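Open the model in your viewer and set the side chains to be shown as sticks. The tour below tells you what to select at each stop and what you will find there.

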Amino acid sequence: MKFRMLLLVGLVALGGAICASVSSAQTGKNVSGKWQGTWVFQNTSLGSGQITMTLTQKGNKATGDMVVTGTPTDRSGAVTIVLSGKDVYLVYPTGITGYLVLSGDEMKGQLDGMNPANVVLKRQK
């Protein structure tokens with residue numbers, strides 16, 4: 001009988017945790033819209049440029065288009081973003097990935113690659 005009661009309490013607690021995580025994902029941050037900003041290689045002598053992203057978010061995932069200027073190789077195209085709270089993970093099919101932190105209408109962080117770059121983006125209203 002004790003085992004059944006402990007099992008029931010455990011299942012109720014697990015169900016509450018699952019519901020809480022689902023509702024927080026649904027009410028989390030939203031990155032939909034147009035974002036513009038700059039990027040600069042960490043080794044600044046390698047260059048810098050502009051970034052523009054237009055995103056549509058569903059749940060914790062956003063997709064859209066990104067235009068990047070100033071790179072030796074064209075990096076513009078489709079972009080996918082995964083959100084976890086204020087953490088923004090950029091997954092880009094042609095080789096750019098990165099980690100940004102969302103704070104209101106601004107995202108800051110780093111794009112990874114052979115030559116990492118710092119990036120700052122602001123939501124356009």
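A salt bridge, as the term is used here, is a side-chain nitrogen of Lys or Arg within 4 Å of a carboxyl oxygen of Asp or Glu. Keep in mind that the model is predicted.

**Stop 1: Glu106 and Lys108**

Select Glu106 and Lys108. Their closest N and O atoms are 3.8 Å apart, and the two residues form a salt bridge. The pair qualifies because the cut-off is 4 Å and the distance is 3.8 Å. Glu106 is partly exposed, at 21% relative accessible area. Lys108 is partly exposed too, with a value of 45%. How many salt bridges does the structure hold? There are 4, and the next stops visit two others.

**Stop 2: Asp105 and Arg123**

Now select Asp105 and Arg123. A salt bridge joins Arg123 to Asp105, with 2.8 Å between the closest N and O atoms. Arg123 belongs to strand 8 (residues 117-124), while Asp105 sits in the loop between strand 6 (97-103) and strand 7 (106-112), so the bridge ties together parts that are 18 residues apart in sequence.

Is Arg123 buried or exposed? Arg123 is buried, because its relative accessible area is 19% and buried means under 20%. Asp105, at 30% relative accessibility, counts as partly exposed.

**Stop 3: Lys125**

Keep Asp105 selected and add Lys125. The side chains of these two residues also meet in a salt bridge, at 2.6 Å from N to O. This pair links distant parts of the chain: Asp105 is in the loop between strand 6 and strand 7, Lys125 is in the segment after strand 8, and 20 residues separate them. Lys125 is exposed, with a relative accessible area of 86%.

Show Arg123 again together with Asp105 and Lys125. These three residues are linked in a network of salt bridges.

**Stop 4: Thr97**

Finally, select Thr97, which lies in strand 6. Thr97 counts as partly exposed, at 35% relative accessibility. Which residues is Thr97 in contact with, leaving aside its neighbours within four places in sequence? They are Leu90, Gln110, Leu111 and Asp112.

For a last step, draw a C-alpha to C-alpha distance from Thr97 to Gly113. The two residues are 16 residues apart in sequence, and their C-alpha atoms are 7.3 Å apart in space.

Note on methods:
Residues are numbered from 1 along each chain as its sequence is written. This is a predicted model: local features need pLDDT of at least 70, side-chain atom pairs count only at pLDDT 80 or more; totals for chains, interfaces and linings use all residues. Side-chain values use heavy atoms; hydrogens and water are left out. Helices (H or I, at least four residues) and strands (E, at least two) are DSSP runs, numbered from the N terminus. Buried means under 20% relative accessible area, exposed over 50%, partly exposed in between (1.4 Å probe, protein chains only). Contact means heavy atoms within 4.5 Å.
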